[in-house]
Amino acid sequence: MERIRIRTPSTRRLLLVSAFAGGLGVAGLAALSAVEAIDWPDAVQLAVSTATLAAVAMTVLTVRRVDGKALRTDRRVKREEAALAGLAGELKGLVAAVAAQTESLAGEGRGHAETVVAALGEDRAELAAHSATLAEHTATLSAHGDRLGEIRSALARIEALTKDKVLPEVRSRGDFGQVEALVDLRALLSPRAPMPRLRGWAASPDVLRLLVERVAIDRPKLIVECGSGASTVWLGYAVERFGGGRVVALEHDERYARASRDLITAHGLESVVEVRHAPLTDWRSFPWYDQAALDDLSDIGLLFIDGPPMNTGHQARYPAVPLLLPRCAADALIVLDDARRAEEREVADRWLREFPELDGRPFPAEKGAMLFQRSAP
Ligand SMILES: C[S@@+](CC[C@H](N)C(=O)[O-])C[C@H]1O[C@@H](n2cnc3c(N)ncnc32)[C@H](O)[C@@H]1O
């Protein structure tokens with residue numbers, strides 16, 4: 001709103017105007033008294049009166065001007081009051097509209113709130129139902145937890161029993177089986193010099209006893225062994241004791257060929273055992289004993305496959321059957337050692353697939369063994 005300012009003449013102005021009018025009067029009167037048209041005391045009195053009249057006239061003029069201004073201001077104020085009253089009316093209308101809107105919004109809000117509360121009520125009911133189910137499940141679980149505890153302690157008892165009693169017994173039975181087989185071998189064959197240790201890299205007594213039994217029963221003319229070592233000595237003794245044949249051991253490693261030959265010499269078995277150094281050469285991408293070492297081998301009655309070692313290649317022993325089966329007697333027995341190993345089992349399965357004339361059966365030796373023979377006609 002525009003600010004209304006009423007300008008009134010200042011006292012200084014009034015004084016100046018009065019002084020000017022008074023001055024003019026005094027100057028006039030002085031001039032008149034100089035020409036002696038008037039006495040100077042009358043001139044002074046007239047001057048004071050004129051100055052007073054001028055001041056009064058100025059005051060009246062000023063008051064009138066101020067009055068006029070006040071009137072105009074009053075009219076303007078009235079106009080603005082009327083405009084303000086109009087604005088106040090509009091404002092009231094707006095306030096009423098806002099109040100109506102607020103009321104409607106509040107109504108809507110109340111509706112939503114009621115819906116939410118109702119929904120919450122349903123959820124609460126559902127939640128309560130779930131809580132009840134959960135409580136049931138918790139109770140069941142804790143019951144199972146108790147049973148689980150019982151089962152765990154029973155398992156711990158079984159584990160302790162297995163560790164303290166069963167395993168030692170099984171082990172001692174296994175060891176006992178090997179001791180029994182070794183005692184049998186020594187009783188049957190009475191070695192003349194210290195024998196190399198068995199198991200580990202060498203064959204186990206149980207499989208050696210099987211071989212010696214077969215020599216005793218079948219009296220094969222030719223025994224071929226893939227991989228020389230302790231078994232070569234035991235087979236030499238078996239041939240010497242039960243007669244009728246010879247042993248050819250194929251050895252890929254020259255050092256072990258020499259060591260095995262030394263053993264044969266130490267036991268005086270040179271007449272029945274030959275250790276052949278046959279370096280590994282490629283046969284259909286398998287590194288296997290040089291085939292030149294097989295040239296004179298025929299009518300093999302017992303074939304013991306205990307080499308080449310598995311670190312020489314994948315399914316390292318596979319070529320033995322494809323290459324030596326044609327050199328075997330019709331009733332030859334083929335013994336594959338280490339059949340507990342996955343690779344040897346793969347080899348055995350492959351032979352049975354590729355040579356349908358062969359029957360295969362496992363032999364329960366410490367390292368696992370598989371026996372193969374041509375089926376009876
Ligand atoms: C599985 S071992 C078995 C050797 C043999 N058939 C036996 O039962 O004693 C196979 C290979 O072990 C190696 N070998 C031979 N004498 C060994 C010895 N004293 N120590 C470690 N390895 C030997 C040879 O290269 C042999 O071909």
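**Close-up 1. The residues around the ligand in this predicted model.** Welcome to the ligand's immediate surroundings: 13 residues stand around it, and those that come nearest are Ala 203, Ala 230, Ser 231, Glu 251 and Asp 306. Sorted by class, this shell holds five nonpolar, five polar and three charged residues.

**Close-up 2. Polar contacts of the ligand with Ala 230, Glu 251 and Asp 306.** Let us take the contacts one at a time. Ala 230 takes part through its backbone, with an N or O atom 2.8 Å from an oxygen atom of the ligand. Glu 251 uses its side chain instead: a polar atom there lies 2.7 Å from an oxygen atom of the ligand. At Asp 306, an N or O atom of the side chain is 2.8 Å from a nitrogen atom of the ligand. On its own the ligand has 580 Å² of accessible area, and the protein covers 83% of that.

**Close-up 3. The largest pocket, where the ligand sits.** Step back a little and the pocket comes into view. Its volume is about 550 Å³. A total of 26 residues line the largest pocket, and Trp 201, Ala 202, Ser 228, Asp 306 and Pro 309 lie nearest its centre. Two elements, helix 4 (230-242) and helix 5 (254-266), each give two or more residues to this lining. Helix 5 gives the most, with four residues. By class, the lining of the largest pocket is made up of 10 nonpolar, eight polar and eight charged residues. Asp 306 is worth finding in both views, as this residue is among those nearest the pocket centre and also among those that come nearest to the ligand.

**Close-up 4. A cis peptide bond at Pro 308.** Here is a backbone detail to look for. The bond that runs from Gly 307 to Pro 308 is cis, and its omega is near 0°. Pro 308 belongs to the loop that joins strand 6 (300-305) and helix 6 (320-324).

**Close-up 5. A positive phi at Arg 219.** Another backbone feature rounds off the set. Arg 219 is a residue other than glycine, yet its phi is positive, near 45°. You will find Arg 219 in the loop between helix 3 (205-218) and strand 1 (222-226).

Key:
Residues numbered from 1 in each chain as written. Predicted model: local features only at pLDDT ≥ 70, side-chain atom pairs only at ≥ 80, totals over all residues. Heavy atoms only, no water. 1 Å grid on protein atoms, 1.4 Å probe; cavity = no way out; pocket = protein on both sides within 12 Å on 5 of 7 lines; lining within 4 Å. Points joined across faces, edges and corners; volume = space filled by probe spheres on them. Nonpolar A, V, L, I, M, F, W, Y, C, P; charged D, E, K, R; others polar. Near = heavy atom within 4 Å. Polar contact = N/O pair within 3.5 Å; in protein donor to acceptor, adjacent residues only side chain to side chain. Areas by Shrake-Rupley, 256 points an atom, 1.4 Å probe, with all protein chains shown as cover. Sits in = over half its atoms within 2 Å of the grid points.
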